[in-house]
Amino acid sequence: MSTLFARVFRQAWATFEHTGAGDAKFASNLNALRRLVDQLTLADIGLEPSLVATETFQQPTKAPCTYVGVFENDRFAMSVFVLRENYTMPLHDHPQMHGLLRVVSGAVQICSYSEIARRDMVEPRAEGGTLRRHVLVVAEPEKIISSAAGDCAVLTPTERNFHEITAIGGPAAFFDILSPPYNTASQPQYYFYRKVPVPRHLAEMEPLGFGGPDKPSAQEDERPRYVLEAIPNPEHYYCDTVHYATPEFMYQQAEGGGGGGGGGV
């Protein structure tokens, strides 16, 4: 475990525990956190290279993804995901989240989307109802990021917070920080999606069909547009989990600041 990772953790605590997105200090704290995260390596986090070895994913019972819960409380979560070569983590959302994603081994391709508008409908059922969600999005430029220093991906509550991630050139591992984390009282449920092309003439009508008066019109924004349709958890997406040995500095910070402990999904 490195002193750099301890600095990352303490800066994340300062950013998400003691400042909110509307706080004047939040932007500077987030930038400071990004500069630190940009430097992280797998060894800094205290994980073994075997976690990302090709041989590990050749085991017949191995899941295509490995999840390591590093830390979680009600303000932010840290985790590591390891993907098999050429495996794509399905398209999913990060509703109302800030997030940093740092590749700590290998390389990934990230396809991200930003929401323009959405339409939710509830289909009646005998017990409760089934939500049908469609989200009109614009595609952000595809990005390939690697474990080279200074190559961090960022998402915000309104930008690049829908994405799918593919390991390229071999297995890849990425570390992320999300705030607020999933599974908290203030955080909506996350969804998986499938992408459907939207004809240009329909995309231009989104204020009528979806309602997006504050978003740029199709004439003003030439980025490709798609409709994302919420789907059940894809059967091919499942993870093995690896226990993380929580470092002492996390316990100390949590005890001193009243936060939570390690782990989580």
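1. In this predicted model, F5 touches L40, D44, I45, V70, M78, F175, Y244, F249 and M250, leaving aside residues up to four places away in sequence. The points below start from F5 and the helix that carries it, α1.

2. Two of these contacts are aromatic pairs. A search of the whole structure finds 18 such pairs. One of them joins F5 and F175 edge-to-face, with 5.8 Å centre to centre and 85 degrees between the planes. F5 belongs to helix α1 and F175 to strand β8 (residues 162-179), so this pair ties together parts that are 170 residues apart in sequence. Both F5 and F175 are buried.

3. F5 also pairs with F249, again edge-to-face, at 6.0 Å centre to centre and 80 degrees between the planes. Because F249 lies in helix α6 (residues 248-257) and F5 in helix α1, the pair links parts that are 244 residues apart in sequence. F249 is buried, as is F5.

4. Both pairs fall within one aromatic cluster, formed by F5, F9, W13, F16, F26, F71, F76, F175 and F249.

5. The geometry of α1 is as expected. The helix covers residues 3-17; at 1.5 Å a residue its 15 residues should span 21 Å, and the end C-alpha atoms are 20 Å apart, which agrees. At its N-terminal end the cap is S2, with a side-chain oxygen 3.3 Å from the backbone nitrogen of L4.

6. How many of the 15 residues of α1 are buried? Eleven are, so the helix is largely enclosed by the rest of the structure. The buried residues are L4, F5, A6, V8, F9, Q11, A12, W13, T15, F16 and E17. As background, an α-helix has 3.6 residues a turn, so residues three or four places apart point the same way.

7. The largest nonpolar core has 36 residues, and those with the most contacts inside it are F5, V8, M78, F175 and I177. Elements giving two or more residues to this core are α1, α2 (26-37), α3 (42-45), β1 (65-72), β2 (77-83), β4 (98-124), β8 and α6. The largest share, eight residues, comes from α1. Apart from this core lies another, of 18 residues, among them F81, M89, I145 and F174.

8. A separate item concerns a charge and a ring: the charged end of K195 sits over the ring of Y226, 4.6 Å from its centre.

Notes: Residues are numbered from 1 along each chain as its sequence is written. This is a predicted model: local features need pLDDT of at least 70, side-chain atom pairs count only at pLDDT 80 or more; totals for chains, interfaces and linings use all residues. Side-chain values use heavy atoms; hydrogens and water are left out. Helices (H or I, at least four residues) and strands (E, at least two) are DSSP runs, numbered from the N terminus. The expected span of a helix is 1.5 Å times one less than its number of residues. Buried means under 20% relative accessible area, exposed over 50%, partly exposed in between (1.4 Å probe, protein chains only). A polar contact is a pair of N or O atoms within 3.5 Å; within protein, one must be able to donate a hydrogen and the other to accept it, and residues adjacent in sequence count only if both atoms are side-chain atoms. Rings of Phe, Tyr and Trp (its six-membered ring) pair if their centres lie within 6.5 Å; planes under 30 degrees apart count as stacked, over 60 as edge-to-face and the rest as tilted. A charge sits over a ring if NZ of Lys or CZ of Arg is within 6 Å of the ring centre and within 35 degrees of the ring normal. A nonpolar core is a set of buried Ala, Val, Leu, Ile, Met, Phe, Trp, Tyr and Cys residues joined through side-chain atoms within 4.5 Å. Contact means heavy atoms within 4.5 Å.
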